[in-house]
Every structure is written in C-alpha cells, then in structure tokens.
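Hi,

Here is the structure I promised to pass on. Have a look at it first, and my notes on what turned up follow underneath.

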Amino acid sequence: MIGKTHLAGGLATAAGACLLTKPGLGTGIIWAAGCAFGSLFPDIDHKGSTLGQKVKPVSAVIGAVAGHRNFFHWFLPYLILAVVLHFAAPQADNITFAVFLGVLSHLFLDALNPSGVPLIPGHRVHLLRIHTGSGVDKIIGGLLYLFACIGLIIWGVWMI
C-alpha cells in the first residue's frame, strides 16, 4: 500500500477506537496522532516511503541492514516493545497504545499485498494480492479516509 493508504488506515483506526470508547478530546488527539505515526513507521525500512523520505540516511541504513518488509513488518517486536513500555512508562500508555494500533493497521494493510508480512521468520501472511499503488489500493485509501473523517466527526459531535 502507498503511504496515503497507510495514513488513512491509521486515522480510520483512531476513529474506530474513538467511536468505540468515546475518550476525551486530549486522548482522542493523542490516539489520532499516534495512530497516524504508527501507520507510517514500519516503512522506515524503505527510503522511498513517506516516512523514509523524511529521514533518508536513517532509512537507508535500516533498509540495508534489515531489508524491506522483514523485521520492521513483523508483529512480535512491536508487541514486545509495547509490553516493555507499558511497564517502564505506564504514564505513556495512551501514546504506546495509539502507535501500536497504527502499526497494526499498517501490518494488516501490507498483508493485503502480494509480498505480505512475516508472521514468523520464513512464513508470510498474504491475505489478498492488492499491488502497491494500484487502483484498488487507492480506492481502499479513499474509503479509509472517508471512514476516518466521518468517524472523527461523529466522535467530535458526541463530545459536545
């Protein structure tokens, strides 16, 4: 998926979380920002990605060492990091939760790609065969943006 689709997925995930739990304004903003960042983060291993372009030298090194859609697209390191952060800095749980949700949205969307994502080393999950940048990718991104906008508006109205 392209960066815009991943970002839309992260924002849609935040909207869904806000609709389900109805947090306060501050928490909702943290969730939206955290999910947005998390939805782009796994592609730090690709210097041409939305995030990779912002930190090209770092991204180039990570990509050379880890490769694209390998370690940074594996669920387990993020889960371990979230658990460690929960115990080390419980006051940051909202941020940890939001970034983790955003990462999960990224991994799910990449599992729709023919390359898939690693479940365990040597085994990849391929849910569909949607190619990055294809019309279907862009339609999914548009629908996710639509859900994110409508969901966040409804959540905002509920808060009033």
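Before the notes, one term: a residue is called buried when its relative accessible area is under 20%, exposed when it is over 50%, and partly exposed in between. Also keep in mind that this is a predicted model.

Let's start with the cysteines, since you'll probably look for those. Cys 18 has a relative accessible area of 0%, so it counts as buried. Cys 35 is buried as well, at 1%. How many disulfides does the structure hold? Zero. A disulfide needs two cysteine sulfur atoms within 2.5 Å. For Cys 18, the closest cysteine sulfur belongs to Cys 35 and sits 8.1 Å away, which is too far for a bond. Seen from the other side, Cys 35 has Cys 18 as its closest cysteine partner, at that 8.1 Å.

Next, the charged pairs. Side chains of opposite charge can pair when their charged atoms come close. With a limit of 4 Å from a side-chain nitrogen of Lys or Arg to a carboxyl oxygen of Asp or Glu, the count is one salt bridge. Its partners are Asp 110 and Arg 69, with 3.3 Å from N to O. Asp 110 belongs to helix α5 (residues 93–111), while Arg 69 is in the loop between α3 (56–66) and α4 (75–88), so the bridge ties together parts that are 41 residues apart in sequence. Both Asp 110 and Arg 69 are buried; for Arg 69 the relative accessible area is 8%.

Arg 69 is worth a second look for its backbone. Most residues other than glycine have a negative phi. Arg 69 is not a glycine, yet its phi is positive, at about 60°. Lys 22 also has a positive phi without being a glycine, in its case about 50°. You'll find Lys 22 in the loop between α1 (3–21) and α2 (25–40). Is Lys 22 buried or exposed? At 52% relative accessibility it counts as exposed.

Then there is the small matter of the strands. β1 (residues 117–120) and β2 (residues 123–125) run antiparallel and are joined by three bridges. Val 117 has Val 125 in β2 as its bridge partner. The hairpin has two residues between its strands, and Gly 122 takes a positive phi there, near 90°.

On the surface, look for a nonpolar patch of about 620 Å². Which residues make it? They are Phe 75, Leu 76, Leu 79, Ile 80, Val 83, Val 84 and Phe 87. Taking Val 83 as an example, this residue is in helix α4 and counts as partly exposed, with 40% relative accessibility.

One last stop is Ala 89, in the loop between α4 and α5. Ala 89 is buried, with a relative accessibility of 18%. Between the C-alpha atoms of Ala 89 and Gly 102 there are 19 Å, and the two residues are 13 apart along the chain.

If you only have a minute with the viewer, go to the salt bridge between Asp 110 and Arg 69, then to the nonpolar patch that includes Val 83.

Cheers

Conventions: Residues numbered from 1 in each chain as written. Predicted model: local features only at pLDDT ≥ 70, side-chain atom pairs only at ≥ 80, totals over all residues. Heavy atoms only, no water. Helix = DSSP H or I, 4+ residues; strand = E, 2+ residues; numbered from the N terminus. Buried < 20%, exposed > 50% of the residue type's maximum accessible area, 1.4 Å probe, protein only. Pairing = 2+ DSSP bridges. Patch = residues over 30% accessible without salt bridge, like charges linked within 9 Å, V, L, I, M, F, W, Y side chains within 5 Å. Areas by Shrake-Rupley, 256 points an atom, 1.4 Å probe, with all protein chains shown as cover.
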